[in-house]
Each structure stands twice: as structure tokens, then as C-alpha cells.
Amino acid sequence: MDRSALPVRTTAGSRFLIGFVSDPRRWGVLVAVVLSAGAIWTALSAVPQAAAPDAPTTAPREGFAAPDFRSTLLGGGEIALSDLRGKVVIVNLWASWCPPCRAEMPALQEVYEAYRDRGFEILAVNTTYQDSQAAAARFVQEYGLSFPVPLDQTGEVSRSYLLRALPTSFFIDRDGVIRSVIIGGPMSKTTIQTTVEALLGGD
Amino acid sequence: MFPILQVGPLAVQLPGLFLLVGVWVGSVIVEREAAKRGLSGAVLSSMLFFGLVAGLLGARLGYALRYWTVYAGDPLALVSLNLKTLSAPDGVAAALLTILVLARRRRLPLWPTLDALAPALATFAVFAGLADLSSGNAFGAPTSLPWAIELWGAARHPSQTYAILLAVAVVVAVHRLGRRPAFSGLLFLAWLAMTAAGRLFLEAFRGDSVIVLGSLRAAQLISLAVLGGTLFGLHRRARLALEAEMRSRSAE
């Protein structure tokens, strides 16, 4: 005999509950009502096909369009994120005084060299408003970084990406949609590589 | 949305902290509930602990298998603390399998064990809701209601707050049911039914639903199936309790 089926304690309330739940008629009616209500609610809250927008809303979050920005580059020139549409892009926000930023830069450089021919770009945005251009330049030289380094002089890029911790990296697909956000670091080479490889796809 | 708490030089990631506190509070509740039911709290919480560890290992191995060429070149990355390189479904499968094997080996009675877990699971849902609130995950659909919140580029339903309120209500209901449980299995099945019903209702206000079959929200279909299953399960457990009671009375 299944001893665990025995009532734990019998009171008037539990007696009523057992009676109600074990009664096929009364419980059956309740289940039918609950499940029909659930099915109707599911149908009512179905998402119409037209409601899915073609261009997702812009927000610094997975599944949303990456906020666009245009910045001057360290060493001259200018770049906009939208110029890179069609490529897989990492937007990495960093500062020269931030130890985990230092720690992950060599890995970013290695992955950049391995994948840039397959349509991959890195924008390593220096948060210049809380750093200095000279320190950024020394840093880039020290690590031999070959990807573009936009300068966020005013903090505008950091604000539009809701920067909370350094470093933060946004992995953006070929359509300009953010697919992964990594807050804090350092990221290992493996993390960067697997994420980039998934976004580049089998081509 | 308030994902990071700056404590001096420490940047504490709030969502993770909420989940951690949730696990801790949950395990305290499990031990207390187990004692009430004549089960060993230590056995139960060690089972959950091993489940958690197996879940983490499974999640990382599952992820590594998908990108095995990368991990073959850098095997140390297998033990990295990065939460992004985890595969959730593999982790859940590994955790459940481990818990099931351990429970069988320890000969834990199924329904009393599940009943002992229900209050902890209900409480954990509150912390999961707080984690979503601070990270901005599980966000709502755009709305023009007066209590909409500005999140991810739109005025949205505060879906995380809805979920927290529901979770608190479920905790209260489970607590009240647990004071005088009518039959074993009631607490767990009732918790699962309420959770499924709540998700079925609240999913309608989410902005990140997975859509299947053209326009239906997957979470609602799953919740509907779970709800049906648990309501049927409640009926069966109640019948068994009734029959057992009658048999023991006729034996007297």
C-alpha cells in the first residue's frame, strides 16, 4: 500500500478539500472552466504577425538594435557604427586605467587578427571623458592594437550604451542587432571567439 | 533597472546577488520544511547542492561541446567563471538527472519530498523576479497605461513587478495550504498549478515572448499543459488519499 497517500492530518478543512478534489464531477467542472479560460486567454493574447516590427527598437540590450554613434578616432579620422553594417562588430568600452580592460585587450587583438578577413570588426571605444587621449595612445601602442579606437570625449557613447562597469562589450550581428552583452571582465579569448564564431555563422 | 550596486570600489552585480540570496533562503526553507515532514533536511539540501553543481558542470560541458575546437585549444576555459559561456538546457537536464538519481539512491519518498521543496521553490521565484527587475530581463510589452515604466527604448508594462507580486501571492498561498495539508503531494502540485496559471496570465504582458505556431506565445502553451497535468495530478492524489483512508477505516 502507498503509505504516502494517507492524509497527513484530518481536519474539517482538509476533509472538504479531499472531497472536492477527488469528486470527478465537481473537480472536472472546475478543471474544464480553468483550462478553457486559459485557452481563451492564450488566444486573446496571441501576437499578431504585423505587430513584430521589421526594425527592432534601439537599446543597449540583447535582441535590440545597437545605438548608432559617430566618433573621432585615435590617430585621426572618424567612424560611425552604421558604416560597419554587414559586418559582425564588437563594441568594447574601456579605459587605460582599468585592469580588466588591460587583461582582455590581447585576447581581443588575437581574435581580431584571426577573424577580420571573415567580416569582423572591433570598435574599442576609449572612454576619453574619464581617461586621457595620451594615456589611450600609450595603451594602444603598448599592446599593438590594430583595430579602430573611437574616442568618447563627451561621454555620449557611454551614456547611450548605459555603461555601468568597465569593460563592457556588445557583440553586434551583421544586421546591427546586439546579440550578446558582457558587463565586466576580463573576457577570456574563448568567450570572445565562441561568440564571434556563432555570429559569423558557417560562411 | 539597476543592475550594478557600487559599494566603494566593488561593483556588485545585483541580479546574481538576488539569485544567490534566493538559493540561500531557499535551502534554509527546505531544511525547515523537511524536518516538519520527518525527512532529513541535511540529505535534502545536500541533494540540491549536488544538483546545482551538476547543473553548472553540465551547462559548461554542453557549451564546450558546441564549440569543442575552441575549448580543445584552451581546456582551462572549461573552469572559467564566465556565466555567458553556459548552456542552460544542458545544465537543467544535468541537475534534474542528478537529483533524480540521488533521490532514488537515498530512497526518498517522492511526494513528501516534493512537498518539502514547494515553499522553497515559491520563495525562490520572488528572488528570481527581483533579479529580473534589476537586470531588465523578462521585460514587458509596450503600453500606454499610466503605470508603464520606461525601459529598453519604450514605455512598457512593468512585467517584472507583476511577476514579483504574483510570486509573493503564491508564497502566501503555499504557506496557508501547508498549515493543514489534506494529502501528500497537495502542496507541490498546488504550487506548480498556481505558478503555471500565473505565468499563463502574465505572459500576455511580456515583450520578449517566444512565438510559436505563427502567433502563439510558447510559455502560455507550456503553462496550459502543465496546468492541465497538475490539476489532474491533484485529483489522482486526492482519490488515493480517500481510498487509503477508507481502507484503513474498514480495517479497524
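Which residues is B:Ala193 in contact with, leaving aside its neighbours within four places in sequence? The first legend picks this up; bear in mind throughout that the model is predicted.

**View 1. B:Ala193 and the largest nonpolar core.** Skip the neighbours within four places in sequence, and the contacts of B:Ala193 are B:Leu227, B:Thr230 and B:Leu231. B:Ala193 is also one of the three residues, with B:Ala190 and B:Trp191, that touch the most other members of the largest nonpolar core, a set of 56 residues. Who supplies two or more residues to this core? From chain B it's helices H1 (14-36), H2 (41-66), H4 (88-105), H5 (110-135), H6 (159-179), H7 (186-202) and H8 (218-251), and from chain A it's H1. As a rule, nonpolar side chains in soluble globular proteins tend to be buried together.

**View 2. A separate core of 34 residues.** Apart from the largest core lies this other one, and its members include A:Leu93, A:Met105, A:Val157 and A:Met187.

**View 3. Where chain A meets chain B.** Here 45 residues of chain A are in contact with 48 residues of chain B. On the chain A side, the elements giving two or more residues are helix H1 (12-22), helix H2 (24-44), strand S6 (178-183) and helix H6 (189-200). H2(A) has the largest share, with eight residues. Sort the chain A side by residue type and you get 21 nonpolar, 18 polar and six charged residues.

**View 4. Strands S3 and S4 of chain A, side by side.** S3(A) (residues 88-94) and S4(A) pair in the parallel sense, over seven bridges. For a handy landmark, find A:Ile90, which stands opposite A:Ile122 in S4(A). Is S4(A), residues 120-126, mostly covered or mostly open? Mostly covered: six of its seven residues are buried. Add helix H3 (residues 99-115) of chain A to the two strands, and you have a right-handed β-α-β unit.

**View 5. Chain A from end to end.** Chain A has six helices and six strands, and along the sequence they follow the pattern α-α-β-β-β-α-β-α-α-β-β-α. Of its 203 residues, 35% count as buried. Among contacts in chain A with a separation of 6 or more, 71% come from residues 24 or more positions apart. The domain assignment gives domain 1 (3-44) and domain 2 (70-200). How many Å separate the centres of these two domains of chain A? Taken over C-alpha atoms, the answer is 57 Å.

**View 6. A:Leu162, a loop residue with positive phi.** Most residues other than glycine have a negative phi. A:Leu162 has a phi near 45 degrees, which is positive, and it isn't a glycine. The residue lies in the loop between helix H5 (156-160) and strand S5 (168-172) of chain A. Why does A:Leu162 count as partly exposed? Because it has 17 C-beta neighbours inside 10 Å, and a residue needs 20 or more to be buried, or 12 or fewer to be exposed.

**View 7. B:Arg107, another positive phi outside glycine.** In chain B, the loop between H4 and H5 holds B:Arg107. Phi is about 55 degrees at B:Arg107. B:Arg107 has 6 other C-beta atoms within 10 Å, so this residue is exposed.

Definitions and conventions: Residues numbered from 1 in each chain as written. Chains lettered and ligands numbered in written order. Predicted model: local features only at pLDDT ≥ 70, side-chain atom pairs only at ≥ 80, totals over all residues. Contact = placed C-beta atoms within 7 Å. Helix = DSSP H or I, 4+ residues; strand = E, 2+ residues; numbered from the N terminus. Nonpolar A, V, L, I, M, F, W, Y, C, P; charged D, E, K, R; others polar. Core = buried A, V, L, I, M, F, W, Y, C linked by C-beta atoms within 7 Å. Pairing = 2+ DSSP bridges. Right-handed = clockwise from strand over helix to strand, strands pointing away. Domains from an automatic or database assignment.
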